[in-house]
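Subject: Structure handover

Hi,

Here is the structure I promised to pass on. My notes follow below it.

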Amino acid sequence: MTGQFARYTNNSVQKMSKDCINMQKVPAHVAIIMDGNGRWAEQRGSHRIFGHQNGVNAVREAVEAAGELGVKYLTLYAFSTENWNRPKAEVDALMELLVSTIHDEVDKLSKNKVRLHVIGDLDSLPASAKDNVLAAMKKTESNTGLNLVLALSYSSRWEIVNATQKIAADVAAGKFRPDDITTELFSQYLCTSGIPDPELLIRTSGEERLSNFLLWQLAYSEFYFSEILWPDFTKNEFYTAILEYQKRERRFGKTSEQVN
């Protein structure tokens, strides 16, 4: 990976307000791996779902902060294909939480002109969850503010294989030749077609891995790792990540002299 890495603790970074942010250099697309809900709950002697429920507050914080800064796309890793392997009770509770949260938040999203997108294998979701997701996407499709992208039943390897299968089918149908396949063409077959690649990836809870998330799209993203468990993620944590991003030199394979 060519992205740069940073790890921070609560005490290692001075709290800064959004007033310190250069509004001319805010990333257009921020992606977040929301990690640590279960550990947050276990630290409080509660069931893991209690952490997921409180994690919804952190989602609101991130969405509001992104909207205030003028971020155009915010992608949240909400549920991976690997998460289906968790205990059935937890998965069922997560699906119920997904339905209730979307139902409760869709009007607020519309009021704030947030457009909802969902990427992933929607056909694998329970019918109620899929129906609510599709309805929310329909209700917000004309909104012109922040684009909120939820990755649900998503994994990058699934996405890449799925794209390859579609490309192979189109080659077999004579739509184009193998030699016509470029990175730009391949990107059009991904779930994120039409969405710019993230400039910044944030992962909470101290873990430092991608966990099968946007492997293609994150090729040149900057990485910011925080020790904060997701339910404790606040607007200020989002601002701090943006400030760190703005210190980075994004060279895309060039030298510093060429960039400057």
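Start with the charges. Lys 18, Glu 64, Glu 68, Lys 108 and Lys 235 are joined in a network of salt bridges. Please keep in mind that this is a predicted model. The salt-bridge count comes to 21.

One pair in that network is worth opening up. Lys 108 and Glu 64 meet through their side chains in a salt bridge, at 3.3 Å from N to O. Lys 108 sits in helix 3 and Glu 64 in helix 2 (residues 48–69), so this pair ties together parts that are 44 residues apart in sequence. How accessible are the two partners, Lys 108 and Glu 64? Lys 108 is partly exposed, at 37% relative accessibility. Glu 64 is partly exposed too, with a relative accessible area of 31%.

Next, helix 3 and helix 4.

Helix 3 covers residues 88–111 and helix 4 covers residues 127–140. They pack at an angle of about 10°, and their axes are 9 Å apart. An angle under 35 degrees counts as roughly parallel, so helix 3 is roughly parallel to helix 4.

Which residues make the contact between helix 3 and helix 4? From helix 3 come Met 95, Leu 98, Val 99, Ile 102, His 103, Val 106, Asp 107 and Ser 110. From helix 4 come Ser 128, Ala 129, Asn 132, Val 133, Ala 136, Lys 139 and Thr 140. By class, that contact has eight nonpolar, five polar and two charged residues.

Asp 107 and Lys 139 are both in that contact list. They also form a salt bridge, with the closest N and O atoms 2.5 Å apart. Lys 139 is in helix 4 and Asp 107 is in helix 3, so the pair ties together parts that are 32 residues apart in sequence. Lys 139 is partly exposed, with a relative accessible area of 46%. Asp 107 is partly exposed as well, at 47% relative accessibility.

Another salt bridge links Lys 138 and Glu 141, whose closest N and O atoms are 3.1 Å apart. Buried or exposed: where does Lys 138 fall? Lys 138 is exposed, because its relative accessible area is 56% and the cut-off for exposed is over 50%. Glu 141 is partly exposed, at 37%.

Helix 4 also holds Leu 134. At 38% relative accessibility, Leu 134 counts as partly exposed. Its C-alpha atom is 33 Å from that of Glu 42, and the two residues are 92 apart along the chain.

Now the loop between strand 6 and strand 7.

Strand 6 spans 200–203 and strand 7 spans 222–226, with Ser 205 in the loop between them. Leu 214 lies in that loop too, and so does Glu 207.

Please check the backbone here. Most residues other than glycine have a negative phi. Ser 205 has a positive phi, near 80°, and is not a glycine. Leu 214 has a positive phi of about 50°, and is not a glycine either.

Are those two residues, Ser 205 and Leu 214, buried or exposed? Ser 205 counts as buried, at 6% relative accessibility. Leu 214 is buried, with a relative accessible area of 1%. The cut-off for buried is under 20%.

Glu 207 is partly exposed, with a relative accessible area of 22%. What does Glu 207 touch, leaving out residues up to four places away in sequence? Its contacts are Asp 35, Arg 39 and Phe 225. The C-alpha atoms of Glu 207 and Ala 65 are separated by 23 Å, and the two residues are 142 apart along the chain.

Last, the cysteines. How many disulfides does a search of the whole structure find? The result is zero. Cys 20 is partly exposed, with a relative accessible area of 48%. Cys 191 also counts as partly exposed, at 27% relative accessibility.

That is the handover. Send questions whenever you like.

Best wishes

Terms used
Residues numbered from 1 in each chain as written. Predicted model: local features only at pLDDT ≥ 70, side-chain atom pairs only at ≥ 80, totals over all residues. Heavy atoms only, no water. Axes fitted to C-alpha atoms, helices over the stretch in contact; angles between N-to-C directions. Helix = DSSP H or I, 4+ residues; strand = E, 2+ residues; numbered from the N terminus. Parallel < 35°, antiparallel > 145°, perpendicular 65-115°, else oblique. Contact = heavy atoms within 4.5 Å. Nonpolar A, V, L, I, M, F, W, Y, C, P; charged D, E, K, R; others polar. Salt bridge = Lys/Arg side-chain N within 4 Å of Asp/Glu carboxyl O. Buried < 20%, exposed > 50% of the residue type's maximum accessible area, 1.4 Å probe, protein only. Disulfide = S-S within 2.5 Å.
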